[in-house]
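Dear colleague,

I am handing over the structure below, and I would be glad if you kept it open while you read what was found in it.

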Amino acid sequence: MSEIIERLEHVIHEMNRACKSVNRKPSEVCLVAVSKTKPADMIREAYEAGVRDFGENKVQELCDKMERLPKDIRWHMIGHLQRNKVKYIVGKVALIHSVDSMRLAAEISRLAVLNNVNQDILIQVNVAKEETKFGVTSEGTLELVRNVAQLPNVHICGLMTSAPYVEDSNENLPIFHKMSQLAVDIQKENLDNVDMKILSMGMSQDYVAAIKEGSTMIRVGSKIFGQRYYTNTSVE
Ligand SMILES: *Cc1c(COP(=O)(O)O)cnc(C)c1O
């Protein structure tokens, strides 16, 4: 068996175990395989093993891969998105995880209307208030959600966060807990055009902890595809 398939099976096994430990159904959690920097043939291996959701963080790379790989793949834009690049992905990706400003949301909406498509999005929240990370503050999330909900042709499906790098993933339990609570609070507002069904949280280091706190979408890269190597010209 190939290394990728082996790693994939391990991740799925741990996902199932984490779900069981908190009485959740494995079908409640979607695995997004984060394939950034990895070649198309590695993606194809995971695809053949049944994975249909893949995450990328660079528009150019995402578009190149989308062109070359099977059309039933659901692509997830998980990285910071510049407004001038929205045109390349709007209506083509299944979900944009990284919407953290009204300006970006307005541009997605404008181009979605222009192209007569709808775009599902998540609001990225910087729950841990890390200076190096993108995302709206927890305190500012409801207001941003309210404003974005007014825009045509974009649909808010939930929230996304990246927790801090930690040695022990249990350290991130409070972060994930706070995210779940934030989603519950927003859901209670019963806003038109807003769902809080998707909680995109948990990466290779901490997806088990995230599932325990209610994650419905985990974004796992290195634990499936192996460590990433960056050259000088490609930075994360
Ligand atoms: C790279 C990346 C991931 C996956 O990270 P791993 O540690 O390799 O699992 C998840 N989410 C975002 C936003 C990323 O940029």
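The buried residues of helix H2 pack against several elements, namely helix H1 (3-21), S2, H3, S3 and helix H9 (222-225). Please bear in mind throughout that this is a predicted model. Helix H2 itself covers residues 40-48, and its buried residues are Ala-40, Ile-43, Ala-46 and Tyr-47. Seen down the axis of H2, these buried residues fall within an arc of 120 degrees, so they line one face of the helix. Asp-41 and Glu-48, by contrast, lie on the other side of H2, where they are exposed. After the helix comes Gly-50, whose phi is positive, near 115 degrees.

Two of the elements that H2 packs against, S2 and S3, also appear in the next finding, which concerns charged side chains. Arg-74 forms a salt bridge with Asp-53, and the closest N and O atoms of the pair are 2.8 Å apart. This pair links distant parts of the chain, since Arg-74 belongs to strand S3 (residues 74-77) and Asp-53 to strand S2 (residues 53-56), 21 residues apart. As for their surroundings, Asp-53 is buried, with a relative accessible area of 7%, whereas Arg-74 counts as partly exposed at 41% relative accessibility.

A second salt bridge lies within a helix: the side chains of Lys-65 and Glu-61 meet at 2.7 Å, N to O. Both residues are in helix H3 (residues 59-68), where they stand 4 residues apart, about one turn of the helix. Lys-65 is buried, with a relative accessible area of 8%, while Glu-61 counts as partly exposed at 21% relative accessibility, a value that sits just on the other side of the 20% cut-off under which a residue is called buried. Salt bridges that share partners join Glu-61 and Lys-65 with Glu-56 into one network.

A further salt bridge is the one between Glu-28 and Arg-24, whose closest N and O atoms are 3.0 Å apart. Here, too, the two partners fall into separate classes, for Arg-24 is buried, with a relative accessible area of 15%, and Glu-28 is partly exposed, with a relative accessible area of 35%.

The pairs described above are examples, and the count for the model comes to 12 salt bridges. When you look for them, you might begin with the pair that links strands S2 and S3 and then turn to the network that includes Glu-56.

With kind regards

Terms used
Residues are numbered from 1 along each chain as its sequence is written. This is a predicted model: local features need pLDDT of at least 70, side-chain atom pairs count only at pLDDT 80 or more; totals for chains, interfaces and linings use all residues. Side-chain values use heavy atoms; hydrogens and water are left out. A salt bridge is a side-chain nitrogen of Lys or Arg within 4 Å of a carboxyl oxygen of Asp or Glu. Buried means under 20% relative accessible area, exposed over 50%, partly exposed in between (1.4 Å probe, protein chains only). The arc is that of the directions from the helix axis to the C-beta atoms. Contact means heavy atoms within 4.5 Å.
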